[in-house]
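Visitor: Please pick one part of this structure and take me through it slowly, strand by strand. After that, I would like to see what else is worth a look around it.

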Amino acid sequence: MNELNPVPAADAALAERSRKFGASEGNEGIVRCDACPVLCRIRPGRSGACSRYANDNGLLVRTDPVVLLAEAVEVGGPVVPFAENAEDWDGKILPANRAFVTGIGSGTTYPDYKPAPFIVSSQHEGVDTVTVVTEGIFSYCGVKVKIDTDRHLGPETAAVRANGEQIGHVTTAEYGSQMLSLGGVRHLTGGSKKEGNATCEAMLKLSNGEAVELTIDGGHGVIVQAGHAPIVDGKPETRMRVGCGSATIGIFAKQWQGHVDEVIVVDDHITGVLTEHQAGRVLDMKPAGIRVRGRKSTPGRYFQVAQPGLGWGGTDITEPLSIIQKIDAGLAWPGMRLLMTSTTGEDSLYCVLDENLLPVEAEMPAAVRQVVERIGENCEPSLCTVTFMAGAGGSLRAGVTENPVLLTRSVQSGTTRVTMGGAPVYVWPGGGITVMVDVLRMPKNAFGYVPTPAIVAPIEFTLSRELYLASGGHADEIVPMEEILRAHGGQARIENAVAENPWPLRRDVG
Ligand code: SF4
């Protein structure tokens, strides 16, 4: 067990909540934590295996404060964080009508039939509302990572590793982004203990916004951190491509007209050739007779011009002229002006065909350079996005209601809103309560773990009191918000609601 450092002082209310969980054992002041299946026996002054619970003078206490959100308010202008502006706020306890109790630091219940740590009643827009608040222990969870880069990180389905252990795989690339699917129950529980722990650690760090170094079998190393540019083989990525090669041709064709005779936009997926492309034809551009390698899909659109890699446009090409298969002497002419560029404009080459119709590098005219620079200008910053995905359709529901299927149905119908740390979630259609959340829309350090291994994540269910009672909710455990604030407001961590998030209790938010 870990050294207890520090544990917040337990006041009467905290002590009361602590008694709800845990149990004293023997005379040595040892407390057994029953907040997860590990059932740690914790000595006085120490914390349990996950560091989330500790023994404070014989009481089981949660070592992190519960996080309360303060609603942003409009003060005759833009919406501003409540805590900075409210005249009626004494700086300590929030008014009940502006507060939301998140699952962060709320504690977990085990076994699951125990009511959730907080079941909060409040009034919103004239409706009696209940929010059931807990920290779910998720064995079924994963992290989807979107990495804005067209550089090839590794083949689809290739193993992704952290500390040498496989923690996921490369999945289907999306428009301008490489995608990783990490975690999941198979890596957490289906492999060795080391694999499970490495998976849990990487997921925890990524979800809490920390950087994680990953390697991909048959591919490259990448450092991933939510909201930051990926670092591929030690090189920070800067630009997300403007589009595929064909799209780039479509966007800029008119701007090139009159300044160049042919443009080839090199791309790992769809390489575009301007005069052959529909965009060039519509502009009445003269066919230039340059045939690139690869498989022709439709006029001016070529697949597989090279192997994937870290070169031009996510290919392995560093010598762009190498993708030219032939130049048709019947169509091309000496002096023909050729531009080759990548989809980010980071790589470009301007050539003029000599007497033998061979491309010879020349200085790029200012008008052409301007369009290449505009490609770069139209690229968005390259970022990593981390979404946490979990299944809450299992036993966790028993902490909300005695008839779990009614909760599932009301979540699926939208009458119960699910949030994670107050952030909106996407609820997947179909069975269960499978949710996905952007970790950057949650308060900092919202995630924890238990060594089973599993990820601990905040989750809140908000519904009308009427529906809660009709769903078999734990009616005796409902506590008014005012009481929660009086009892816990003093120790709580109060955060301003994230500006782009809808207030979790608003009724008009779907
Ligand atoms: S690992 Fe489980 S039992 Fe041990 S302190 Fe953490 S929550 Fe309690």
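**A close look at one sheet**

Guide: Let's start with a single pairing: strand β24 (residues 271-273) and strand β27 (residues 301-303) run antiparallel and are joined by two bridges. If you want a residue to zoom in on, take G272, whose bridge partner in β27 is R301. Do keep in mind that this is a predicted model.

Now step back to the sheet around that pair. It is an open sheet of seven strands with mixed pairing, and its order is β26-β27-β24-β23-β29-β30-β31. At the edges you will find β26 (295-298) and β31 (359-361), each of which pairs on one side only. From one strand to the next, the twist averages 25°. Helix α5 (residues 245-256) packs on this sheet, where it touches β23 (262-266), β24, β27 and β29 (337-342). The direction of α5 makes about 150° with that of β23. Helix α7 (residues 366-377) packs on the sheet too, touching β29 and β30 (348-353), and its direction makes about 15° with that of β29. So β29 is touched by α5 and also by α7.

For company, there is another open sheet, made of three strands in the order β11-β8-β41, again with mixed pairing. Here β11 (99-101) and β41 (493-496) are the edge strands, and because each has a single partner strand, one side of each is left without a neighbour in the sheet. The twist in this sheet averages 30° from one strand to the next. Strand β8 (residues 67-70) runs antiparallel to β11, with three bridges between them, and L69 has F100 of β11 as its bridge partner. Helix α10 (residues 481-488) packs on this sheet, touching β8 and β11, and its direction makes about 75° with that of β11.

Away from the sheets, have a look at the ligand. Among the residues surrounding the ligand are C33, C36, C40 and C50, together with R52, Y53 and P451. Sorted by class, the shell holds 10 nonpolar residues, one polar and one charged.

To put these parts in the frame of the whole chain, the secondary structure comes to 10 helices and 41 strands. Of the 510 residues, 51% are buried. Among contacts with a separation of 6 or more, 68% come from residues 24 or more positions apart. The chain exposes about 22,300 Å², with carbon and sulfur atoms supplying 49% of that area.

Note on methods:
Residues numbered from 1 in each chain as written. Predicted model: local features only at pLDDT ≥ 70, side-chain atom pairs only at ≥ 80, totals over all residues. Heavy atoms only, no water. Helix = DSSP H or I, 4+ residues; strand = E, 2+ residues; numbered from the N terminus. Buried < 20%, exposed > 50% of the residue type's maximum accessible area, 1.4 Å probe, protein only. Contact = heavy atoms within 4.5 Å. Areas by Shrake-Rupley, 256 points an atom, 1.4 Å probe, with all protein chains shown as cover. Pairing = 2+ DSSP bridges. Axes fitted to C-alpha atoms, helices over the stretch in contact; angles between N-to-C directions. Near = heavy atom within 4 Å. Nonpolar A, V, L, I, M, F, W, Y, C, P; charged D, E, K, R; others polar.
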